[in-house]
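Welcome! Please open the model in your viewer and get ready to select a few residues along the way.

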Amino acid sequence: MIMAKSQLDEYFQGRRISFDIPLLFTGTDFQTDVWSAISEIPYGSTQSYSEIAFRSRHPEAVRAVANAIGANRLSIIIPCHRVTGINSIGGYAGGISVKESLLSIER
């Protein structure tokens, strides 16, 4: 727990671009496929919901991908704020202003 707090503090201070906390994904196989794909989005980059659907081997399941993203309980460590719509910022469980702030930290 101390390691997670320390790494999150460093992230918010702009001193960390990735996390090396051991994770245990708890979800369906589909959800873990999506979360794994999200985890690979580089710091400072974004990908669309449809790109994540393709990368998680479920190219036709864009809406289900969005639901899996919404079920992510580690939303900064598994950086779902980096997933956007094609022509919009997309949604975020923490609110759009939080998503915009997180993306701003990474610019």
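Which residues does Ile86 touch, not counting residues up to four places away in sequence? Select Ile86 and look around: Ser48 and Ser50 are the residues touched by Ile86 on that count. Keep in mind throughout that this is a predicted model.

**Stop 1: around Ile86**

Stay with Ile86, which sits in the loop between β2 and α5. Is Ile86 buried or exposed? With a relative accessibility of 69%, Ile86 counts as exposed, because exposed means over 50%. Now add Glu51 to the selection. Ile86 and Glu51 are 35 residues apart in sequence, and their C-alpha atoms lie 9.5 Å apart in space.

**Stop 2: the whole chain**

Zoom out and switch to a cartoon view. The protein has five helices and two strands. If you trace the chain from the N terminus, the elements come in the order α-α-β-α-α-β-α. Along its principal axes, the C-alpha trace spans about 40 × 30 × 20 Å. A compact globule with 107 residues would have a radius of gyration near 13 Å, and the protein agrees with this at 13 Å.

You can also colour the residues by accessibility: 39% of the 107 residues are buried. As for how the chain meets itself, take the contacts between residues at least 6 apart in sequence: 52% of these join residues at least 24 apart.

**Stop 3: helix α5**

Next, select residues 96-105, which form helix α5. Which residues are buried here? They are Lys99, Leu102 and Leu103. Turn the view until you look down the axis of α5: the buried residues fall within an arc of 100°, so they line one face of the helix. Here is a handy rule for this view: an α-helix has 3.6 residues a turn, so residues three or four places apart point the same way.

What covers the buried residues of α5? Show α1 (2-12), α3 (49-55) and β2 (83-84), which are among the elements that do so.

**Stop 4: the largest pocket**

Finish by switching on a surface and looking for the largest pocket, which holds about 190 Å³ of space. Its lining is made up of 15 residues, and those closest to the centre are Ser18, Phe19, Ser39, Ile77 and Pro79. Select these five to find the spot. Colour the lining by class and you will see 11 nonpolar, two polar and two charged residues.

Definitions and conventions
Residues numbered from 1 in each chain as written. Predicted model: local features only at pLDDT ≥ 70, side-chain atom pairs only at ≥ 80, totals over all residues. Heavy atoms only, no water. 1 Å grid on protein atoms, 1.4 Å probe; cavity = no way out; pocket = protein on both sides within 12 Å on 5 of 7 lines; lining within 4 Å. Points joined across faces, edges and corners; volume = space filled by probe spheres on them. Nonpolar A, V, L, I, M, F, W, Y, C, P; charged D, E, K, R; others polar. Buried < 20%, exposed > 50% of the residue type's maximum accessible area, 1.4 Å probe, protein only. Helix = DSSP H or I, 4+ residues; strand = E, 2+ residues; numbered from the N terminus. Arc of directions from axis to C-beta. Contact = heavy atoms within 4.5 Å. Rg over C-alpha atoms; globule rule 2.2 N^0.38 Å.
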